[in-house]
Amino acid sequence: MTHESWPAEATFAPAERDAVYKTIFARRDVRRFVSSPLPGDAVERILLAAHHAPSVGFMQPWNFIVIREPRTKKLIKEAFLLARRQEAEQFSGERKKLYLSLKLEGIEEAPLNICVTCDSTRHGPAVLGRSLIPQTDIYSTCCAIQNLWLAARAEGLGIGWVSILSEERLKEILRIPGHIAVVGYLCMGYPERFEPKPELETVGWLDRLPLRDVILNETWNGKVGGY
Ligand SMILES: Cc1cc2nc3c(=O)[nH]c(=O)nc-3n(C[C@H](O)[C@H](O)[C@H](O)COP(=O)(O)O)c2cc1C
């Protein structure tokens, strides 16, 4: 059997394929939100998409803490402000000024925040495929976040990932047990707009690398530029 003999339901029609690429290229990290409430059915579909991510040994190590309470968001915003002040010290001069001018979160404006965690003990201690690379549980959780991000984009919702946070403080605020890792803190809502390119590119922080510069042929020493 070749792929040409696949049944129709196993293939994507050109418009369906284009919709997948459209979602990937139109996804943005969003930090500016409008206050419109989120439709519950869309949120459920997005979480279901996250829960259908691949995971090592089908471990499904994730949990999604869904946060709506303004008091909780306020505490997390305070933790962000402290972490941002610390991070800013890594830069100097114009770079530091630019860093401090950037909006790097939408914690309080976003109607929903989601803290995505990883339980490395789930289905343990022996998990198929994880014994040599134990961090594959975290990789799996990142796959769930990417599914969530793309599904949100297809629903017209924006997500902003906030990593300028102390994991210890987050765990304290959200009462997360010690053995659970925080992988991502996400803000979700209808965006003011979806920008055509990353904001960090627009403001001149960094450019997207050319694809040919990140592809190597056969080995790490393989000449770049072809595939
Ligand atoms: C693991 C991770 C952590 C991130 N943390 C932050 C953050 O703390 N604040 C922020 O504004 N953006 C954060 N981002 C978003 C990136 O800046 C953004 O993905 C990148 O600039 C490319 O832009 P795009 O997502 O719009 O394509 C994070 C993204 C990832 C994947």
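Thr 117 has Val 182, in β4, as its bridge partner. Strands, like helices, are DSSP runs numbered from the N terminus (strands are E, at least two residues; helices are H or I, at least four). This pair belongs to the antiparallel match of β2 with β4, which are joined by 8 bridges. The model is a predicted one, in which local features need pLDDT of at least 70 and side-chain atom pairs count only at pLDDT 80 or more, while totals for chains, interfaces and linings use all residues. Residues are numbered from 1 along each chain as its sequence is written.

On its other pairing, β2 meets β1, again antiparallel, through 6 bridges. Here Val 66 is matched with Ile 114 of β2. Two strands are taken as paired if DSSP finds at least two bridges between them. Altogether, 4 strands make an open antiparallel sheet in the order β1-β2-β4-β3. Because β1 and β3 (158–161) stand at the edges with a single partner strand each, one side of each has no neighbour in the sheet. Neighbouring strands are turned by 25 degrees against each other on average, direction ignored. For such angles, axes are lines fitted to C-alpha atoms (for helices over the stretch in contact), and values run from 0 to 180 degrees between N-to-C directions.

Across β1, β2, β3 and β4 lies α5, which runs at about 5 degrees to β4. In the whole protein chain there are 7 helices and 4 strands, following the pattern α-α-β-α-α-β-α-β-α-β-α along the sequence. The C-alpha atoms fill a box of roughly 60 × 40 × 40 Å along the principal axes.

How much of the protein chain counts as buried? The share is 23% of the 227 residues, where buried means 20 or more other C-beta atoms within 10 Å of a residue's own, exposed means 12 or fewer, and partly exposed lies in between, with C-beta atoms placed from the backbone. In β2, 6 of the 8 residues are buried, leaving this strand mostly covered.

The largest nonpolar core holds 32 residues, among which Val 116, Leu 148, Ala 152, Ile 159 and Met 188 touch the most other members. At least two residues of this core come from each of α2 (40–51), β1 (62–67), α3 (70–88), β2 (112–119), α5 (136–154) and β4 (180–189). Such a core is a set of buried Ala, Val, Leu, Ile, Met, Phe, Trp, Tyr and Cys residues joined through C-beta atoms within 7 Å. In soluble globular proteins, nonpolar side chains tend to be buried together. Apart from neighbours within four places in sequence, Ile 159 is in contact with Val 30, Leu 148, Trp 149, Ala 152, Leu 186, Cys 187 and Met 188; contact requires C-beta atoms, placed from the backbone, within 7 Å.

A final stop is Pro 61, in the loop between α2 and β1. Why does Pro 61 count as buried? It does so because 27 other C-beta atoms lie within 10 Å. Not counting residues up to four places away in sequence, Pro 61 touches several residues, including Cys 118, Asp 119, Ser 120 and Ser 140. Although Pro 61 and Ser 120 are 59 residues apart in sequence, their C-alpha atoms are 6.5 Å apart in space.

Conventions:
Two residues are in contact if their C-beta atoms, placed from the backbone, lie within 7 Å.
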